[in-house]
Amino acid sequence: MRNPHSNGNLRKLQADGGGEATEENGFVDGVILGLDGGATSTVCVCVPFFPFGDRFPEPLPILGRAVAGCTNRNSVGETAARDSLEQVISEALVQSGSDKSDVRGVCLGVSGVNHPSDQEKIENWIRDIFPSHVKVFVQNDAIVALASGTMGKLHGCVLIAGTGCIAYGFDEDGKEARASGGGPILGDWGSGYGIAAQALTAVIRAHDGRGPQTMLTSTILKALGLSSPDELIGWTYADPSWARIAALVPQVVSCAEAGDEISDKILVDAAEDLALSVKAVVQRLGLCGEDGTTSFPVVMVGGVLNANQKWDIGKEVSKRINRYFPGAQTIIPKVQQSTFHLLSLSPPQQLNKCILLYVSSGRASCWSSIVGHELLIKLTINRPRKALLLKSMFLESSDMP
């Protein structure tokens with residue numbers, strides 16, 4: 001059965017929720033897809049498209065939502081990443097009762113987008129799926145995460161630490177800088193993969209006699225259903241995807257909480273590495289000011305930072321950041337259920353009018369009525385004077401077909 005919200009009957013949406021639906025409400029045909037692609041999973045939501053008006057539904061209705069696997073091609077390869085992207089889009093459209101012809105725009109925040117060539121690659125994947133008139137915008141998920149914690153303003157620094165990790169920031173003039181985010185081979189040891197990989201290494205070293213004994217051995221073997229450290233070699237290389245390895249982080253944390261010195265050192269080193277990533281970005285952008293005390297936000301998101309365990313990695317990272325920069329205001333969102341919120345803003349120094357749309361997978365929420373960091377779609381009537389908010393990740397209603 002076709003969804004009434006995508007076949008010219010969007011006015012029914014407003015009527016169903018109470019209140020009269022008219023052209024002034026801005027309801028028109030079509031849908032927008034928003035995707036958050038990480039190294040563990042990818043979320044796609046389908047929402048109605050409407051140009052700006054004085055009245056918006058709150059919360060904005062989700063017509064369809066789907067979850068698929070990793071879309072970070074650096075982690076799982078291009079074929080698997082593209083398959084996951086196509087799958088999650090297809091399922092979200094099916095849920096919404098829409099089809100490809102209804103889609104007006106697709107916005108993606110994807111981990112592993114580190115260069116314009118990465119953006120172009122993913123844009124081409126999307127353009128192969130949809131008609132040529134569909135607007136497509138791709139950004140690194142770190143930019144989306146930063147905006148979600150700063151009420152849409154791209155200023156300050158964001159630290160993401162989940163399966164992978166990255167620090168990303170902008171100064172007031174729009175200059176940007178990043179640190180980490182190159183994957184475990186290039187030294188992202190504060191990531192979930194990095195923590196778990198070091199734990200696996202510690203188990204093998206202890207088994208060989210090259211390192212001290214550790215509680216990690218029995219804990220990880222039990223978690224994986226293995227009987228000997230020798231079996232870890234086959235388990236590891238049977239499927240070396242980042243998310244599969246990173247899933248062992250809870251075992252490392254539990255061992256550290258139980259007093260295992262090796263586990264504790266792994267987490268301490270991870271916290272230091274993550275704080276150093278933030279330090280590098282802040283110093284390159286001069287966010288701390290000449291005296292090092294200027295206030296600026298540091299948005300902290302990701303499962304590693306928000307695990308809510310006794311051994312709190314997020315808290316340890318925050319302590320180190322504040323030692324480096326007393327003016328840093330660390331923002332660690334609280335865990336909330338999956339939900340949707342609409343925020344209407346009119347900051348004249350940025351743009352005439354915009355709406356910021358946030359989606360949560362249940363992992364994190366940021367400030368006030370804004371929930372989640374997974375997705376930020378910016379729909380704007382007029383081009384901002386300075387493209388500080390998500391740069392090209394916006395849809396201009398005047399450009400829409």
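Where is the place of Ser180? Select Ser180 and you land in strand S8, residues 176-180. Helices (H or I, at least four residues) and strands (E, at least two) are DSSP runs, numbered from the N terminus.

Before you click further, some ground rules. This is a predicted model, where local features need pLDDT of at least 70 and side-chain atom pairs count only at pLDDT 80 or more, while totals for chains, interfaces and linings use all residues. Residues are numbered from 1 along each chain as its sequence is written, and side-chain values use heavy atoms, with hydrogens and water left out.

**Stop 1: Ser180 and the whole chain**

Stay on Ser180 for a moment. Its phi is positive, about 65 degrees, although Ser180 is not a glycine. Ser180 is partly exposed because its relative accessible area is 26%. Buried means under 20% relative accessible area, exposed over 50%, and partly exposed in between (1.4 Å probe, protein chains only).

Now zoom out. The protein chain has twelve helices and 14 strands. Its length is 401 residues, and 56% of them count as buried. Contact means heavy atoms within 4.5 Å. Of the contacts in the chain with a separation of 6 or more, 64% are between residues 24 or more positions apart.

**Stop 2: Leu216 and Thr217**

Next, select Leu216, which lies in helix H7. Is Leu216 buried or exposed? Leu216 has 0% relative accessibility, so it counts as buried. Show its surroundings, leaving aside neighbours within four places in sequence, and you'll find contacts including Ala199, Val203, Gln251, Cys255 and Ile266. Asp260 is on that contact list too. Leu216 and Asp260 are 44 residues apart in sequence, and their C-alpha atoms are 7.9 Å apart in space.

Step along to Thr217, also placed in helix H7, which covers residues 216-224. Thr217 counts as buried because its relative accessibility is 16%. Not counting residues up to four places away, Thr217 touches Val203 and Pro229.

**Stop 3: the nonpolar cores**

Keep Leu216 highlighted and add Ile195, Ile313 and Val317. Among the 53 residues of the largest nonpolar core, these four touch the most other members. Colour helix H11 (residues 261-285) as well: with ten residues, it gives the most to this core. Apart from it lies another core of 27 residues, with Leu33, Ala81, Trp125 and Ile129 among them. A nonpolar core here is a set of buried Ala, Val, Leu, Ile, Met, Phe, Trp, Tyr and Cys residues joined through side-chain atoms within 4.5 Å.

**Stop 4: Lys100**

Ile129 leads us to Lys100. Look for Lys100 in the loop between helix H3 (78-96) and strand S4 (103-110). Lys100 counts as partly exposed because its relative accessibility is 45%. Which residues does Lys100 touch, not counting residues up to four places away in sequence? They are Leu93, Ile129, Phe130 and Pro131. From C-alpha to C-alpha, Lys100 and Ile129 are 7.9 Å apart in space, with their positions 29 residues apart in sequence.

**Stop 5: Val76 and the cysteines**

Go to Val76 in helix H2, residues 73-76. Val76 has 30% relative accessibility, so it counts as partly exposed. Leaving aside its neighbours within four places in sequence, Val76 is in contact with Cys70, Ala81 and Ser241. Measure from C-alpha to C-alpha in your viewer: Val76 and Asp239 are 163 residues apart in sequence but 9.7 Å apart in space.

While you're here, click Cys70. Cys70 is buried because its relative accessible area is 8%. Then try Cys157, which counts as buried because its relative accessibility is 0%. How many disulfides are there by the rule used here? The count comes to zero, where a disulfide is a pair of cysteine sulfur atoms within 2.5 Å.

**Stop 6: the second largest pocket**

Finish by selecting Tyr193, Ala197, Thr201, Thr236 and Tyr237. Of the 15 residues lining the second largest pocket, these lie nearest its centre. The pocket holds about 430 Å³ of space. Colour helices H6 (192-208), H8 (230-238) and H9 (242-246), since each supplies at least two lining residues. H6 gives the largest share, five residues. By type, the lining divides into 13 nonpolar residues, two polar and no charged.

Some terms for this stop:

- On a 1 Å grid over the protein atoms alone, a pocket is an open set of points where a 1.4 Å probe fits, with protein on both sides within 12 Å along at least five of seven lines; lining residues have an atom within 4 Å of a point.
- Grid points are joined across faces, edges and corners, and a volume is the space filled by probe spheres set on the points.
- Ala, Val, Leu, Ile, Met, Phe, Trp, Tyr, Cys and Pro count as nonpolar, Asp, Glu, Lys and Arg as charged, and the others, Gly among them, as polar.
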